[in-house]
Amino acid sequence: MKSFLIDRYKKGGALRLGESPMPELRENDVMVEIHAAGVNALDNKIRDGEFRLILPYRLPLVLGNDVAGVVVRVGAKVRHFKPGDEVYARPAQHRIGTFAEYIAIDEADVAMKPNNLTMDEAASIPLVALTAWQALVERANLRNGQKVLIHAGSGGVGTIAIQLAKHLGAYVATTTSTANIALVKSLGADVVIDYKKDDFEKVLQGYDVALNSLGKDTLEKSLSVLKPGGKLISISGPPDPDFATQSGSGWLLRQVMRVLSFGVRRKSKRRGINYSFLFMTANGEQLGRITSLIEAGVIRPIVDRVFPFERTNEALGYVETGRAKGKVVVAVK
């Protein structure tokens, strides 16, 4: 099958379009004919080698972390899906590979595609929606009346997180550029900080939760926005000891993560704030709940551009500029 592969880690390197063997279909797997694949900043980070310590992939590697398509075969123990089903998923992190014609995925990580979305739209959803869900629902336990700051509101995670937070009844503040103010307001943001004009840490205070997807400076400034007992959740690092333990990292890597996160953990503790790093995981049950919200009109996808499969490298480059509104998708079929 045709696929886009990494032969070696290289910052900014191009993926190679080549032939790969068909994936192995295990007894709990569904084989999906890929119609569309979402493109994420995570793809570029994996390509660049940023996660080689915590995600030790065997090269060559087919890249891609979001998929929408049609089930063509099922394993012997699959009970919830059948050939012909239209599905979407974020494959487990050790079984990625959606920049290809086919992928085998454990049925526990798969959900039926929302019936009101196209394949391209559906492919934009899984990774960012699961990230928002696991941060706001599972980790933050965000409740009605609470205040949440969502950074980079016009990005892939931000556009979904704003909508989910509003559904949960929260008061939402977000940061974005001047050009995207109207977009984030249309998604439900109550307060919009134009980061080119204002410093969010001087405007906001008394927040319960902050979701960070940006760099170290933004992460540490977010502490001043939170009230004692608040939660600072970061999807861009640094990894903390809890994540190291959950991911099964060895002793040396656990110590490295402890050192990397020491500064922000110490500052958080002084302010009575809980800091945690979130690396989202595949979860078909949660994605099914997100499907219900999409079909009910609570959450809508924001797709910036759709690239044809042969221009996957261009799609990665566009995501890398940081200018995309919502998600970028590759149309495979």
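This briefing walks through the sheets, helix contacts, ring pairs and odd backbone spots of one protein chain. Keep in mind that the model is predicted. Two things to look for at the start are an open sheet of six parallel strands and a strand 3 whose 11 residues are buried, 11 of 11. After that come three aromatic pairs in the structure and a cis peptide bond between L59 and P60.

**The six-stranded sheet**

- Strands pair through backbone hydrogen bonds, and they can do that in a parallel or an antiparallel way.
- Here, six strands line up in the order 11-10-9-12-13-14, with parallel pairing, and the sheet is open.
- Strand 11 (191-194) and strand 14 sit at the edges with a single partner strand each, so one side of each has no neighbour in the sheet.
- On average, neighbouring strands in this sheet are turned by 15° against each other, if you ignore direction.
- Find strand 9 (residues 147-150) and strand 12 (residues 207-212): they run parallel and are joined by three bridges.
- If you want one spot to look at there, L149 stands opposite A210 in strand 12.
- Helix 4 (residues 156-167) lies across strand 9, strand 10 (171-176) and strand 12, and it runs at about 170° to strand 9.

**Strand 3 and its partners**

- Strand 3 covers residues 29-39 and is mostly covered itself, with 11 of its 11 residues buried.
- With strand 5 (residues 67-74), strand 3 pairs in the antiparallel sense over six bridges.
- With strand 7 (residues 102-106), strand 3 also pairs in the antiparallel sense, over five bridges.
- With strand 16 (residues 327-331), strand 3 has four bridges, again in the antiparallel sense.
- Which residue stands opposite A36 in strand 5? That residue is A68.
- A36 also stands opposite A331 in strand 16.
- For strand 7, look at D29, which stands opposite D106.

**The three-stranded sheet**

- Three strands make an open sheet in the order 2-1-4, and the pairing here is antiparallel.
- Strand 2 (16-19) and strand 4 are the edge strands, and each pairs on one side only.
- Strand 1 (residues 2-6) and strand 4 run antiparallel and are joined by two bridges.
- The bridge partner of L5 in strand 4 is V62.

**Two helices that cross**

- You describe two packed helices by the angle between their axes and the distance between the axes.
- Helix 3 (residues 126-139) and helix 11 (residues 284-295) have axes that come within 10 Å and cross at roughly 100°.
- That angle makes helix 3 roughly perpendicular to helix 11.
- Helix 3 makes the contact with P126, A129, L130, W133, Q134 and E138, while helix 11 brings Q286, L287, R289, I290 and L293.
- Sorted by class, the contact between helix 3 and helix 11 has seven nonpolar, two polar and two charged residues.

**Ring pairs**

- The structure holds three aromatic pairs, and one of them is F51 with F279, an edge-to-face pair at 5.7 Å centre to centre with 70° between the planes.
- F51 is in the loop between helix 1 (41-48) and strand 4 (61-62), and F279 is in the loop between strand 14 (274-277) and helix 11, so this pair ties together parts that are 228 residues apart in sequence.
- Are these two rings buried or exposed? Both F51 and F279 are buried.
- Why is the pair of F307 and Y318 called tilted? Their ring centres are 6.2 Å apart and their planes are at 50°, so the pair counts as tilted.
- F307 belongs to strand 15 (residues 303-308) and Y318 to helix 12 (residues 312-320), 11 residues apart.
- F307 is buried at a relative accessible area of 3%, and Y318 is buried at 17%.

**Backbone spots worth a look**

- Most peptide bonds are trans, and most residues other than glycine have a negative phi.
- L59 and P60 are joined by a cis peptide bond, with omega about 0°, and P60 lies in the loop between helix 1 and strand 4.
- N141 has a positive phi, near 50°, and is found in the loop between helix 3 and strand 9.
- N141 is partly exposed, with a relative accessible area of 43%.
- A152 is not a glycine but has a positive phi of about 55°, and its place is the loop between strand 9 and helix 4.
- A152 is partly exposed too, with a relative accessible area of 24%.

Key. Residues are numbered from 1 along each chain as its sequence is written. This is a predicted model: local features need pLDDT of at least 70, side-chain atom pairs count only at pLDDT 80 or more; totals for chains, interfaces and linings use all residues. Side-chain values use heavy atoms; hydrogens and water are left out. Axes are lines fitted to C-alpha atoms, for helices over the stretch in contact, and angles run from 0 to 180 degrees between N-to-C directions. Angles under 35 degrees count as roughly parallel, over 145 as roughly antiparallel, 65 to 115 as roughly perpendicular and the rest as oblique. Contact means heavy atoms within 4.5 Å. Ala, Val, Leu, Ile, Met, Phe, Trp, Tyr, Cys and Pro count as nonpolar, Asp, Glu, Lys and Arg as charged, and the others, Gly among them, as polar. Buried means under 20% relative accessible area, exposed over 50%, partly exposed in between (1.4 Å probe, protein chains only). Two strands pair if DSSP finds at least two bridges between them. Rings of Phe, Tyr and Trp (its six-membered ring) pair if their centres lie within 6.5 Å; planes under 30 degrees apart count as stacked, over 60 as edge-to-face and the rest as tilted.
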